[in-house]
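Reader: I would like a close look at a single part of this model. Please take one helix and follow it through its surroundings.

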Amino acid sequence: MSGFLYGVTLQWKLDIRSKSLLVTCYIIPLIFFLLMGGIFTSVMPDMRSTLIQSMIVMSVSMGAFIGLPPSLIETYGSDINKIYKANGVPVYLGLVTMFLSTFIHLMIACAVIVVLAPILFQAVLPAQLPIFFFALAIYIIVSLSIGSILGLIIKNQAKLTMIAQLVFLPSIMLSGIMFPIDLLPDFLEIIGHIFPAFWGYRLMLNHGFCLKNLWYLILVFFAALIVCKIFLKKQKLK
């Protein structure tokens with residue numbers, strides 16, 4: 001257990017120095033929040049009631065789909081993986097430590113949004129903060145599980161960037177955080193239901209924590225867990 005905690009702490013320190021993670025978990029999401037928060041609340045004053053949830057969906061999607069996968073490629077697509085094997089380190093350790101470290105970074109970034117949004121844009125705080133943060137944790141975990149699949153399956157950095165964008169952009173455009181989803185054509189609305197952002201956003205809304213918004217996220221997480229286990233097993237056999 002102490003070795004595992006040491007691994008998580010070490011990964012945390014490495015991620016703090018990582019320019020990529022700094023950009024994707026903090027700089028871009030918070031700049032987007034500061035710029036778009038004012039625009040959204042000026043153009044659509046009613047959005048103050050959902051601004052926090054909307055900005056969080058963007059932040060989590062950015063960190064999970066664009067921030068985490070490149071770190072996994074650096075580990076499982078390089079000599080670091082061989083070092084793990086040579087020293088008898090479990091093949092899953094790299095994934096777990098990066099997963100937990102990124103989770104902590106995203107929670108911190110989202111907490112900053114929760115604190116600043118009411119001050120800067122008169123955004124409405126969630127009615128029940130403990131339930132809100134529990135829903136947020138679930139959404140982050142599910143999003144990171146998808147990011148983990150991207151990082152384990154795709155070995156080419158250029159290809160990863162392209163595919164990550166194909167997951168990230170629909171997540172924020174078709175989830176209902178930018179504009180009401182009923183304004184979209186029916187086929188785009190159906191596609192939007194595929195992405196966890198759609199369900200995570202609704203799960204974090206007031207009175208949104210219910211099985212109707214939760215079941216799909218649970219399904220996606222366990223499916224991602226199985227896929228990650230299969231690919232980690234392949235890594236072990238190499």
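Author: A residue counts as buried here when its relative accessible area is under 20%. The model is a predicted one, and the part chosen is helix H3, residues 51-76. By that cut-off H3 is mostly covered, with 25 of its 26 residues buried.

The length of the helix can be checked first. At 1.5 Å a residue, the 26 residues of H3 should span 38 Å, and the C-alpha atoms at its ends are 37 Å apart, so the two values agree. H3 does bend, by about 30° at Leu68, and a proline, Pro69, follows within four residues.

Just ahead of the helix is Thr50, in the loop between H2 and H3. Thr50 has a relative accessible area of 18%; because the cut-off for buried is under 20%, Thr50 is buried. Leaving out residues up to four places away in sequence, Thr50 touches Tyr201 and Leu205.

Within H3 lies Gly63. Its relative accessible area is 0%, so Gly63 is buried. Not counting residues up to four places away in sequence, Gly63 touches Thr24, Cys25, Leu68, Thr102 and Leu106. Leu68, where H3 bends, is thus named among the contacts of Gly63. Tyr26 is 37 residues from Gly63 in sequence, yet the two C-alpha atoms are 8.4 Å apart in space.

The wider setting is the largest nonpolar core. This core has 73 residues, and Ile56, Leu144 and Met204 are those with the most contacts inside it. Helices H2, H3, H5, H6, H7, H9 and H10 each supply at least two residues of the core. H3 gives the largest share, 15 residues. In soluble globular proteins, nonpolar side chains tend to be buried together.

Leu144 shows how another helix meets this region. H6 covers residues 129-153, and Leu144 is in contact with Ala64, Leu68, Phe99, Thr102, Phe103 and Leu106, leaving aside its neighbours within four places in sequence. Leu68, Thr102 and Leu106 are also touched by Gly63.

Phe99, one of the contacts of Leu144, leads on to a pocket. The second largest pocket has a volume of about 190 Å³. Its lining is made up of 13 residues, and Leu95, Val96, Phe99, Leu225 and Cys228 lie nearest its centre. H5, H6 and H10 each supply at least two residues of that lining, with H10 giving the most, 6 residues.

Definitions and conventions. Residues are numbered from 1 along each chain as its sequence is written. This is a predicted model: local features need pLDDT of at least 70, side-chain atom pairs count only at pLDDT 80 or more; totals for chains, interfaces and linings use all residues. Side-chain values use heavy atoms; hydrogens and water are left out. A nonpolar core is a set of buried Ala, Val, Leu, Ile, Met, Phe, Trp, Tyr and Cys residues joined through side-chain atoms within 4.5 Å. Buried means under 20% relative accessible area, exposed over 50%, partly exposed in between (1.4 Å probe, protein chains only). Contact means heavy atoms within 4.5 Å. The expected span of a helix is 1.5 Å times one less than its number of residues. The bend at a residue is the angle between axes fitted to the seven residues ending there and the seven starting there. On a 1 Å grid over the protein atoms alone, a cavity is a set of points where a 1.4 Å probe fits but cannot get out, and a pocket is an open set with protein on both sides within 12 Å along at least five of seven lines; lining residues have an atom within 4 Å of a point. Grid points are joined across faces, edges and corners, and a volume is the space filled by probe spheres set on the points.
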